[in-house]
Amino acid sequence: MKKKVFSALLALAMLAGCSNGGDGGETPADDGAKTYNVGVSIYDYNDNFMTLYRNEIEAYFKTLETDEVKYNVTIVDGKNDMAEQTNQVENFITQGMDVIILNLVQTSSADAVIDKVVAAEIPLVLINREPMGTDGDMSYKGILDNATVCYIGADARQSGTFQGEIVAELPDHGDINGDGKISYIMIEGDPENVDAQYRTEFSIKALTDAGYEVECLADQVGNWKQENGQTICANALAQYGDDIEVVFCNNDAMALGAYAAIEAAGRTVGEDIYLLGVDALAECVEMVENGTMTGTVLNDHIGQSHTAVDVAVKALNGEALDNYYWVDYVKVTK
Ligand code: BGC
């Protein structure tokens, strides 16, 4: 009896496989479920924020599985190497992935990759690193011109503005020594990323727009990395000492590094210096709570990863996609 049920199920499974087989590479699983193959490449596994993001992509795909539909998700490390990532995308194409989710190493290489994936007729969901069009954001031709290519992200201007507002809302508005200006250092992410460009610009713009005077003591690239944040902040503290009132970091990883330098220099966040990041990594939210960080901004990896997966599933179902999908940032203060 058991055997009979099994073979009936198998026959059904094969039928389902045939009717859904089409030109997609989805594979019928033994148990009758249809399995979609999903290729994901993350720019660098060493990135704290993208680690949370990729884990959530995997976890969320799992929650969407049913008896009928499974997702076979392959996630690979781009190792911060565009040539490596291009190979990975080519492999995804050869392997017949049904959809590709891509966190580009270099947005300047977006066209080359988009062309390959579009030619292979595979939907492409770009995440986190927005390729910039000639008219700024939301104007990338490769996204606008291809119905199966889209971008999911958060508007980095908002995160920068929130950082500036957090400082403006402090009782002394960031002017600890009362000399009439906010003296700061800026620790930047990878300057090729619009997230770094906008956070650098809009954090300060929020202050100047509100009528505060600012003085930039140092502005250095830390490439999103904790160790660079520490070195840059330590050097700036050695050079400018008490003149530094605010340390702006384009992300929390660099803020964690900066905090180590601040502590080593005998300075106290909230008393004689302020420290800002972006992402709201769990350890940084805790630091905001206990006062060792002035504030951070939630870069909603859950909202972004879920949107990316939902959009990928839409694409798998042949539904029409928007060009751009946005998830809001949220201010995190005590
Ligand atoms: C995050 C950074 C991360 C970068 C990677 C940004 O949105 O805030 O922490 O390193 O994305 O591209």
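1. Arg129 places an N or O atom of its side chain 2.8 Å from an oxygen atom of the ligand. The model is a predicted one, and this distance, like the other values in this note, should be read accordingly. Arg199 offers a comparable entry: a polar atom of its side chain is 2.8 Å from a ligand oxygen atom. For Asp279, the separation between a polar side-chain atom and an oxygen atom of the ligand is 2.6 Å. The protein buries 99% of the 320 Å² that the ligand exposes when taken alone.

2. The shell around the ligand should be described in full. Its aromatic members include Tyr43, Phe49 and Trp224. Asn128, Asn193, Asn251 and Asn299 also belong to the surroundings of the ligand, as do Asp47, Asp195 and Asp279, together with Arg129 and Arg199. Sorted by class, the shell comprises five charged, four polar and three nonpolar residues.

3. The position of the ligand relative to the domains deserves an explicit statement. Residues of the shell come from both domain 1 (3-154 + 301-333) and domain 2 (157-298), and the ligand therefore lies between them.

4. On enclosed space, the count is two cavities of 30 Å³ or more. The largest cavity holds about 150 Å³ of space. It is lined by 15 residues, with Asp47, Phe49, Asn128, Trp224 and Asn251 closest to its centre. The ligand sits in this largest cavity. Those five residues nearest the centre of the cavity should be read alongside the ligand shell, where Asp47, Phe49, Asn128, Trp224 and Asn251 are likewise listed.

5. The second largest pocket merits a separate paragraph. Its volume is about 180 Å³. The lining consists of 14 residues, and those nearest the centre of this pocket are Tyr43, Asn46, Asn223, Trp224 and Lys225. By class, the lining has six charged, five polar and three nonpolar residues. Tyr43 and Trp224, named here among the residues nearest the pocket centre, are also among the residues that surround the ligand.

6. Which domains contribute to the lining of the second largest pocket? Domain 1 (3-154 + 301-333) and domain 2 (157-298) both supply lining residues, so this pocket, too, lies between them. The text should accordingly relate the ligand and the second largest pocket to the two domains.

Terms used. Residues numbered from 1 in each chain as written. Predicted model: local features only at pLDDT ≥ 70, side-chain atom pairs only at ≥ 80, totals over all residues. Heavy atoms only, no water. Near = heavy atom within 4 Å. Polar contact = N/O pair within 3.5 Å; in protein donor to acceptor, adjacent residues only side chain to side chain. Areas by Shrake-Rupley, 256 points an atom, 1.4 Å probe, with all protein chains shown as cover. 1 Å grid on protein atoms, 1.4 Å probe; cavity = no way out; pocket = protein on both sides within 12 Å on 5 of 7 lines; lining within 4 Å. Sits in = over half its atoms within 2 Å of the grid points. Nonpolar A, V, L, I, M, F, W, Y, C, P; charged D, E, K, R; others polar. Domains from an automatic or database assignment. Points joined across faces, edges and corners; volume = space filled by probe spheres on them.
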